[in-house]
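Please walk through this two-part account with the model open beside the text. The paragraphs go from one chain to the other and then to what joins them.

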Amino acid sequence: MSNILDSKIPEGNLNEKWTKYKSSVHLVNPANKRSLEIIVVGSGLAGSAAAASLAEMGYKVKCFCFQDSPRRAHSIAAQGGINAAKNYQNDGDSTYRLFYDTIKGGDYRAREGNVHRLAEVSSSIIDQCVAQGVPFAREYGGLLSNRSFGGTQVQRTFYAAGQTGQQLLLGAYSALERQVGMGQVKMYSRHEMLDVVTIDGKARGIIARDLVTGKLERHFGHAVLLCSGGYGNVFYLSTNAMGSNVTAAWKAHKRGAYMANPCYTQIHPTCIPRSGDHQSKLTLMSESLRNDGRIWVPAKKEDAEALRNGTLRPTQIKEEDRDYYLERRYPAFGNLVPRDVASRAAKERCDAGYGVNTTGEAVYLDFFYNMTEKYGRTEATKKGIENPTAAQLKEFGAGVIKEKYGNLFDMYKQITGVDPYEEPMQIYPAVHYTMGGLWVDYNLMTTVPGLYALGEANFSDHGANRLGASALMQGLADGYFVIPYTIGDYLADEIRTKAISTDHPAFVATEKEVEDKIQKLLNIKGTKSVDHYHKRLGKIMWDECGMARNTEGLKSAIAAIQQIKAEFWSNVRVPGDANEFNQELEKAGRVADFIELGELMCKDALERNESCGGHFREEYQTSEGEALRDDVNFAFVSAWENQEGGWKLHKEELKFENIKIAARSYK
Amino acid sequence: MKINLKVWRQKNNKAKGELKDYKVDHVSPDMSFLEMFDVLNEDLITKGDDPIAFDHDCREGICGSCSMHINGRPHGPLAGVTTCQLHMRSFKDGDTIVVEPWRAGAFPVTKDLSVDRTAFDRIIAAGGFISVNTGNAQDANNLPIGKEAADEAFMSAACIGCGACVAACKNASAMLFVSAKVSQLALLPQGQPEAKMRVMAMVNQMDAEGFGSCTNTGACSAECPKGIDLSNIARMNREFFSANLTGK
């Protein structure tokens with residue numbers, strides 16, 4: 001394998017690269033497609049979209065998911081929306097602006113070529129989803145509605161109430177099931193990929209475990225697509241689903257795929273704060289709420305204290321005693337600064353003693369002003385009421401707020417028992433998304449030929465920070481509009497490769513390794529549960545490799561994680577056996593991989609001596625507490641190669657030929 | 001809080017099942033119902049017992065995985081929530097709670113509280129889609145859709161496929177699930193060209209999976225965590241009759 005990372009970005013002007021590529025990429029003729037087999041691991045937006053699109057083209061597809069149905073993939077939980085450079089609002093949006101906002105939002109740590117392609121195909125995604133029957137929000141004239149998300153000054157976000165991910169995934173799932181019904185896709189639900197099989201350096205299949213019977217299965221494919229999502233659950237508490245895991249990507253990493261920028265983690269600013277030690281996950285409140293919610297903490301420490309011990313309610317704090325710190329620090333973007341900036345600002349206020357909630361780890365997200373003054377007054381005017389009372393303003397405004405965010409408000413009330421129409425929400429940052437992932441080139445191929453990574457599983461488009469409503473865009477772009485072209489470039493040379501028998505020694509040997517590992521886990525018969533280790537790992541990751549990192553903390557975290565790894569492999573207790581539906585065994589395998597990943601994340605964070613996006617190193621900040629990048633020494637992608645006894649760092653230099661790299665300012 | 005549980009235990013789909021008694025101490029009212037099960041399972045693992053299998057994933061009420069029949073009601077006593085959104089503050093100290101899996105012939109038990117709902121996937125595969133290959137779409141705003149139709153389609157599309165409707169129905173009918181998808185697509189202009197084929201194919205598959213008939217009791221809609229309306233079933237019946245009368 002070459003040590004030089006070739007991103008394979010096509011030559012030519014930025015806005016012609018993808019067009020030219022599509023016109024000149026190798027094609028596979030329809031007859032040959034029928035004899036080429038593709039394995040898709042994961043059934044979220046990227047996986048379902050890829051599996052459906054490739055099957056429509058004529059390839060034979062096998063799709064795997066660990067859930068009981070492909071419709072349950074965690075893309076379903078995305079709330080706020082999906083970006084597209086349609087410029088339906090006539091507010092100056094364009095492909096270039098979406099490209100520019102994404103590069104800047106990512107703190108200049110993403111590839112220009114990939115991001116521009118993403119912006120180019122964004123429009124087609126909306127078209128495709130509408131054609132599938134995705135019920136996006138519409139205006140009375142019947143046209144599509146838009147809203148704003150952080151890090152942009154245009155309205156380019158398409159949405160379906162607070163369930164955009166659900167509706168997009170069900171669209172992709174329908175397309176996938178259509179191909180299942182036509183026999184073009186064979187679906188394997190409740191199957192977990194546990195290794196990649198490589199033959200002569202190429203990915204040729206996977207070992208999967210049937211989670212119901214426990215049986216290991218060998219599956220051949222001319223190419224393998226990992227669409228297995230992100231690894232936020234390394235932190236134990238995150239907004240990810242309980243089952244979201246890194247195992248597919250990590251097994252690929254162990255088989256030679258480089259892991260890129262693993263330390264770039266997105267901490268989402270608006271999540272419901274933690275309530276106690278029993279907590280199993282954190283719930284996001286969509287970024288779209290920042291369109292109408294104003295974020296504040298008390299300006300006086302004594303007020304903060306009174307709020308924490310419950311002697312004061314937030315509604316009793318006078319306007320002049322509130323600190324709308326985002327509006328104060330970032331007047332140009334206000335409450336809609338990007339996620340990393342908003343999260344750090346919340347942490348800064350809470351660390352300084354102004355946090356609320358019993359824990360002191362929360363800030364307010366307050367809708368009262370916009371509910372009454374913006375919507376209430378407009379509605380009153382519509383009704384011809386000249387001097388509306390405060391009660392009328394609230395009533396009218398609450399109606400509009402309910403229409404926009406009703407399900408989110410209901411969800412908040414269910415979880416906290418507090419009614420956000422009456423009192424501001426309490427929010428705090430939580431782990432949400434991982435920008436890092438498997439290194440891929442422009443074709444979305446990893447460093448293992450024939451092995452691809454799509455969606456959140458790859459690292460490619462969001463740099464060091466992802467903008468809101470861009471994850472859905474990227475997952476669907478990769479699945480619907482990128483891989484159907486780029487995979488041809490590889491498969492065109494594979495048309496002579498006959499299906500390889502799964503009795504091939506490589507399949508047999510890989511299956512044996514998987515089986516041995518499962519037996520090893522079951523035979524430890526220790527005293528502590530899998531969750532015990534997962535929680536310990538998560539706490540270390542959150543404390544030392546979370547919103548703020550420093551040299552000393554990261555070094556201690558690496559040592560502590562190595563200790564956890566040793567204890568896990570000598571004292572974990574996995575009940576039951578291998579040949580049954582065994583959820584603890586599933587968890588054990590995933591946590592074993594998270595432990596190894598955690599160490600690499602800390603190592604990556606330690607090596608990157610700068611602050612950028614979601615990676616904030618305390619040693620590298622401006623006097624105003626803003627992230628301080630080092631473009632001279634760190635304008636590169638870190639790609640880690642797994643080696644016996646450690647990792648080797650490879651660097652892909654990032655070239656900015658179309659955007660002037662600059663300090664990121666939202667002031 | 002202290003909670004007494006009677007939980008359905010069944011090793012696999014061939015084994016015979018039974019209700020077993022468990023006690024959970026130190027339950028906080030802020031815990032979700034599933035977090036209470038986490039505590040119980042942690043305890044069982046420490047004691048060397050087999051933990052209880054149950055389906056769950058997003059734990060925020062949208063993936064549709066969780067599926068517990070609690071005190072005789074799918075997703076428990078509250079309206080409009082899934083099991084993962086149910087908190088222990090809805091119960092009292094010392095309560096005895098009976099927890100069973102979805103009960104329906106078309107949803108065989110996988111293990112304990114986990115069931116096989118792939119019948120739903122097969123119904124969608126039979127026709128729950130619009131046949132549009134990737135790349136075939138026109139500009140999204142070339143097809144204006146009235147806000148009312150779009151909103152109504154969205155309400156039907158909010159179904160999470162959890163199967164509570166089937167579990168709630170004395171006949172284990174899947175009419176609410178199937179009709180929600182039929183309605184979503186029937187309400188939209190994009191769904192018209194294959195509307196007749198769709199409803200026939202989906203209803204046929206529903207019957208083939210062994211779901212029961214609908215007798216309009218409305219239990220499905222009453223227990224639906226997403227409030228899918230009973231009028232969806234009426235719409236599907238209209239679609240189905242009209243397809244039968246005029247179809248090929």
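What follows describes chain B, then parts of chain A, and finally the contact and the core.

This is a predicted model, in which local features need pLDDT of at least 70 and side-chain atom pairs count only at pLDDT 80 or more, while totals for chains, interfaces and linings use all residues. Residues are numbered from 1 along each chain as its sequence is written, and chains are lettered from A and ligands numbered from 1 in the order in which they are written.

Chain B has eight helices and seven strands, where helices (H or I, at least four residues) and strands (E, at least two) are DSSP runs numbered from the N terminus. The C-alpha trace of chain B spans about 60 × 35 × 35 Å along its principal axes. Of its 248 residues, 53% count as buried; a residue is buried if 20 or more other C-beta atoms, placed from the backbone, lie within 10 Å of its own, exposed if 12 or fewer, and partly exposed in between. Among the contacts in chain B with a separation of 6 or more, 71% come from residues 24 or more positions apart, two residues being in contact if their C-beta atoms, placed from the backbone, lie within 7 Å.

The domain assignment of chain B gives domain 1 (3-111) and domain 2 (118-246), with bounds that come from an automatic or database domain assignment. The C-alpha centres of these domains of chain B lie 29 Å apart, and 18 residues of domain 1 are in contact with 16 residues of domain 2. On the side of domain 1 of chain B that touches domain 2, there are eight nonpolar, eight polar and two charged residues; here Ala, Val, Leu, Ile, Met, Phe, Trp, Tyr, Cys and Pro count as nonpolar, Asp, Glu, Lys and Arg as charged, and the others, Gly among them, as polar.

In chain A, an open sheet of five strands runs in the order β11-β15-β14-β12-β13, with antiparallel pairing, two strands being paired if DSSP finds at least two bridges between them. Its edge strands are β11 and β13 (322-323) of chain A, each of which pairs on one side only. Strand β11 (residues 265-271) of chain A is nevertheless largely enclosed by the rest of the structure, because seven of its seven residues are buried. β11(A) pairs with strand β15 (residues 425-434) of chain A in the antiparallel sense over five bridges, and A:Cys271 stands opposite A:Tyr428 in β15(A). At the other edge, strand β12 (residues 294-298) of chain A and β13(A) pair in the antiparallel sense over two bridges, with A:Asp323 in β13(A) as the bridge partner of A:Val297.

Helix α7 (residues 247-254) of chain A is mostly covered, with seven of its eight residues buried, including A:Trp250 and A:Lys251. Just after α7(A), A:Gly256 takes a positive phi of about 120°.

The contact between the chains takes 62 residues from chain A and 65 residues from chain B. α6(A) gives the most to the side of chain A that touches chain B, with nine residues. By class, that side of chain A has 23 nonpolar, 25 polar and 14 charged residues.

The largest nonpolar core (a set of buried Ala, Val, Leu, Ile, Met, Phe, Trp, Tyr and Cys residues joined through C-beta atoms within 7 Å) has 286 residues, and those that touch the most other members include A:Leu438 and B:Val166. Leaving aside neighbours within four places in sequence, A:Leu438 is in contact with residues including A:Ala249, A:Ala252 and A:His253, which are also among the buried residues of α7(A).
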